[in-house]
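Please look at the sequence and the model shown below before reading on. The report that follows starts with the sheet, moves on to the helices, and ends with a few single residues.

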Amino acid sequence: MDDKDRGTGHGGGHPAPAFEALLAEGAAVPTEGWDFSWFEGRATEERPSWGYAMSLAGRLAGARAALDVQTGGGEVLDFALGRAAPKAPVLTVATEGWPANVAKATALLRPRGIAVVASPEEGPLPFADRAFDLVTSRHPVRPLWEEIARVLRPGGTYFAQHVGPRSVFELVEYFLGPQPREVSGARHPERERAAAEAAGLEVVGLRAERLRVEFHDIAAVVHFLRKVVWMVPGFTVEAYRPRLRALHERIESGGPFVAHSTRHLVEVRRP
């Protein structure tokens, strides 16, 4: 699991620490930003074939005014701007809703002259109408289609990678049990197509992929659920200790826990 469209390998060969030591390790790792490098050797995730970060760099190179929504710690935007230089947009702005990530993204992006604006994930975008010719986002909690349509100039593009339905649900349902259809079917790309079109936008590209994920130890599971907090809401080690122990023993005896992520690449145009 990483943030620049590279796969990670399982290092292997290290002695298996005791269950409690692994829990403590997974619980101690900082969760700010969207840097997944800690998972190197402990978890793997196939990357979508389209290579979002590099594709984003190409889009930025052709834009004049760009907005990155829910930028996390700014890592993906920073990577893409580095590849887009010297043709990066004249103006680039990012939004983020989590205070810890606002600080992290600001520190990372300020040297590039990029302002990071604290903005609630569910709230309106704090920008004027028709301010941008490119709006982007990687894994938004929910795409704000009406707001995207409002801030895009006519002919402007929204280009994003979204999390799809039932992403890593093997792990979710291990802890929470079977989920109702309204939960498991959320984020479906065709639902998002309909919502975008209802906001007056034209969907010009929509690709979806299902990708293999492996967790090689229980520390990786703990850190993942602490970092991606909406997977198992209210997750704590103490609340789920019996299930964590059972999963630890399953991984130790049978190998990595396998799940599948879903992603879709969205390209939308404002007529």
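## The sheet and its edges

In this predicted model, 8 strands form an open sheet with mixed pairing, and their order across the sheet is β1-β7-β8-β6-β5-β2-β3-β4. Strands β1 (43–45) and β4 (115–118) stand at the edges, and because each has a single partner strand, one side of each is left without a neighbour in the sheet. From one strand to the next, the twist averages 20°.

At the β4 edge, the pairing can be followed in detail. Strand β3 (residues 91–96) pairs with β4 in the parallel sense, over 4 bridges, and within this part of the sheet E96 has A118 of β4 as its bridge partner. Helix α4 (residues 99–109) packs on the sheet here, touching both β3 and β4, and its direction makes about 170° with that of β4. Elsewhere, helix α6 (residues 169–176) lies across β7 (202–215) and β8 (257–269), and it runs at about 125° to β8.

## Helices and their surroundings

How is the packing of two helices described? It is described by the angle between their axes and the distance between the axes. For helix α9 (residues 218–227) and helix α10 (residues 241–254), the axes come within 9 Å and cross at roughly 135°, and α9 and α10 are therefore oblique to each other. On the α9 side the contact is made by I218, V221 and V222, while α10 contributes L244, L247, H248 and I251. The residues of this contact between α9 and α10 divide into 6 nonpolar, 1 polar and no charged. As a general background to such patterns, an α-helix has 3.6 residues a turn, so residues three or four places apart point the same way.

Helix α3 (75–84) can be considered through its burial. Since 8 of its 10 residues are buried, α3 is largely enclosed by the rest of the structure. The buried residues are E75, V76, L77, D78, F79, A80, L81 and A84, and they pack against α2 (52–61), β2, β3, α4 and β5 (132–138).

## Single residues in their places

The table lists four residues with their places and their relative accessibility.

| Residue | Place | Relative accessibility |
|---|---|---|
| Q70 | loop between β2 and α3 | 9%, buried |
| S167 | loop between β6 and α6 | 4%, buried |
| V258 | strand β8 | 26%, partly exposed |
| R130 | loop between β4 and β5 | 47%, partly exposed |

Which residues does Q70 touch, not counting residues up to four places away in sequence? Q70 touches T95, E96, E121, S137, R138, H139, P140, V141 and R142, and E96 is also the residue that has A118 of β4 as its bridge partner. One of these neighbours, V141, has its backbone nitrogen 2.7 Å from a polar atom of the side chain of Q70.

S167, in the loop between β6 (152–163) and α6, is buried because its relative accessible area of 4% falls under the 20% cut-off. Leaving out residues up to four places away in sequence, S167 touches M231, H260, S261, T262 and R263. With R263 there is also a polar contact, in which the side chains of S167 and R263 are 3.1 Å apart.

V258 lies in strand β8 and counts as partly exposed, because its relative accessibility of 26% lies between the cut-offs of 20% and 50%. When its neighbours within four places in sequence are set aside, V258 is in contact with E170, R212, V213 and E214. V258 and V141 are 117 residues apart along the chain, and their C-alpha atoms are separated by 24 Å.

## Backbone features

Most residues other than glycine have a negative phi, and most peptide bonds are trans. Against this background, a few places in the backbone deserve a look. Q70 has a positive phi, near 55°, and is a residue other than glycine. R130, in the loop between β4 and β5, likewise is not a glycine and has a positive phi of about 55°. The peptide bond from A85 to P86 is cis, with omega near 5°, and P86 has its place in the loop between α3 and β3.

Note on methods
Residues numbered from 1 in each chain as written. Predicted model: local features only at pLDDT ≥ 70, side-chain atom pairs only at ≥ 80, totals over all residues. Heavy atoms only, no water. Pairing = 2+ DSSP bridges. Helix = DSSP H or I, 4+ residues; strand = E, 2+ residues; numbered from the N terminus. Axes fitted to C-alpha atoms, helices over the stretch in contact; angles between N-to-C directions. Contact = heavy atoms within 4.5 Å. Buried < 20%, exposed > 50% of the residue type's maximum accessible area, 1.4 Å probe, protein only. Polar contact = N/O pair within 3.5 Å; in protein donor to acceptor, adjacent residues only side chain to side chain. Parallel < 35°, antiparallel > 145°, perpendicular 65-115°, else oblique. Nonpolar A, V, L, I, M, F, W, Y, C, P; charged D, E, K, R; others polar.
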